[in-house]
Amino acid sequence: MSEKKTTKEDVHAWTSKYADKAGYMLNPDEEMRDLVLEGIAKNKDTHGKNYCPCRIVTGDEIEDKKIVCPCIYHKEEIESDGSCHCDLFFRKEDQEEDEKED
Ligand code: SF4
């Protein structure tokens with residue numbers, strides 16, 4: 001059986017689309033971003049879903065549903081901290097304002 005491994009590029013594709021749609025942006029620090037993308041890809045292959053790499057998969061399906069990326073927490077985290085817990089999704093305005101300040 002040839003099961004295709006999930007790659008960080010696969011995860012990059014849908015997280016970029018989601019970020020665009022939601023008005024967020026992905027972490028501009030490629031190295032940090034790739035670590036998270038790789039973590040999600042690994043979880044997809046190990047646990048079957050795009051679980052957050054920065055949270056613990058408990059094995060309880062209902063609990064774990066909350067941490068399928070984009071998790072139920074990310075909007076609030078981005079709202080209050082400017083980015084989600086994993087620093088994958090960022091609030092757009094912040095970055096743009098930072099750029100303007102330079
Ligand atoms: S913290 Fe960020 S990367 Fe982790 S699941 Fe939530 S949205 Fe995805």
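## Starting from Phe 89

Let's start with Phe 89, which is buried, at a relative accessible area of just 1% (buried means under 20% relative accessible area, exposed means over 50%, and partly exposed is what falls in between, using a 1.4 Å probe on protein chains only). Before going on, a word on the ground rules: this is a predicted model, where local features need pLDDT of at least 70 and side-chain atom pairs count only at pLDDT 80 or more, while totals for chains, interfaces and linings use all residues. Residues are numbered from 1 along each chain as its sequence is written, and side-chain values use heavy atoms, with hydrogens and water left out.

Now for the backbone layout. The protein chain has five helices and two strands, where helices (H or I, at least four residues) and strands (E, at least two residues) are DSSP runs numbered from the N terminus. Walk along the sequence and you read off the pattern α-β-α-α-α-β-α. Of the 102 residues in the protein chain, 36% are buried. As for contacts (heavy atoms within 4.5 Å), take those in the protein chain with a separation of 6 or more: 48% of them join residues 24 or more positions apart.

Back to the rings. Rings of Phe, Tyr and Trp (its six-membered ring) pair if their centres lie within 6.5 Å; planes under 30 degrees apart count as stacked, over 60 as edge-to-face, and the rest as tilted. That rule gives three aromatic pairs. One of them is Tyr 18 with Phe 89, an edge-to-face pair at 5.3 Å centre to centre with 75 degrees between the planes. Because Tyr 18 belongs to helix H1 (residues 8-22) and Phe 89 to strand S2 (residues 89-91), this pair ties together parts that are 71 residues apart in sequence. Tyr 18 is buried too, with a relative accessible area of 16%.

Phe 89 also pairs with Tyr 24: the ring centres are 6.4 Å apart and the planes sit at 45 degrees, so this pair is tilted. Tyr 24 lies in strand S1 (residues 24-26) and Phe 89 in strand S2, so here the parts tied together are 65 residues apart in sequence. Tyr 24 counts as buried at 12% relative accessibility. Put the rings together and Tyr 18, Tyr 24 and Phe 89 form one aromatic cluster.

Tyr 24 also leads us to a glycine. Gly 82 and Tyr 24 are 58 residues apart in sequence, but their C-alpha atoms are 9.8 Å apart in space. Gly 82 sits in the loop between helix H4 (74-81) and S2, and it is buried, with a relative accessible area of 4%. That loop between H4 and S2 also holds Asp 87. Asp 87 isn't a glycine, yet it has a positive phi of about 60 degrees. It is partly exposed, with a relative accessible area of 26%.

Next, the ligand. Its surroundings are Cys 52, Arg 55, Cys 69, Pro 70, Cys 71, His 74, Cys 84, His 85, Cys 86, Leu 88 and our old friend Phe 89, each with a heavy atom within 4 Å of it. By class, this shell has eight nonpolar, two polar and one charged residues (Ala, Val, Leu, Ile, Met, Phe, Trp, Tyr, Cys and Pro count as nonpolar, Asp, Glu, Lys and Arg as charged, and the others, Gly among them, as polar). Within the shell, check the peptide bond from Cys 69 to Pro 70: it is cis, with omega near -5 degrees. Pro 70 lies in the loop between helix H3 (61-65) and H4.

Leu 88, another shell member, gives us a way out to Asp 29: their C-alpha atoms are 9.5 Å apart, although their positions lie 59 residues apart along the chain. Asp 29 is in the loop between S1 and helix H2 (30-47), and it is partly exposed, with a relative accessible area of 36%.

We finish in helix H1, where His 12 has its place. His 12 is partly exposed, with a relative accessible area of 29%. Leaving aside residues up to four places away in sequence, it touches Leu 26, Arg 33 and Leu 37. For His 12 and Arg 33, the C-alpha to C-alpha separation is 9.1 Å, with the two residues 21 apart in sequence.
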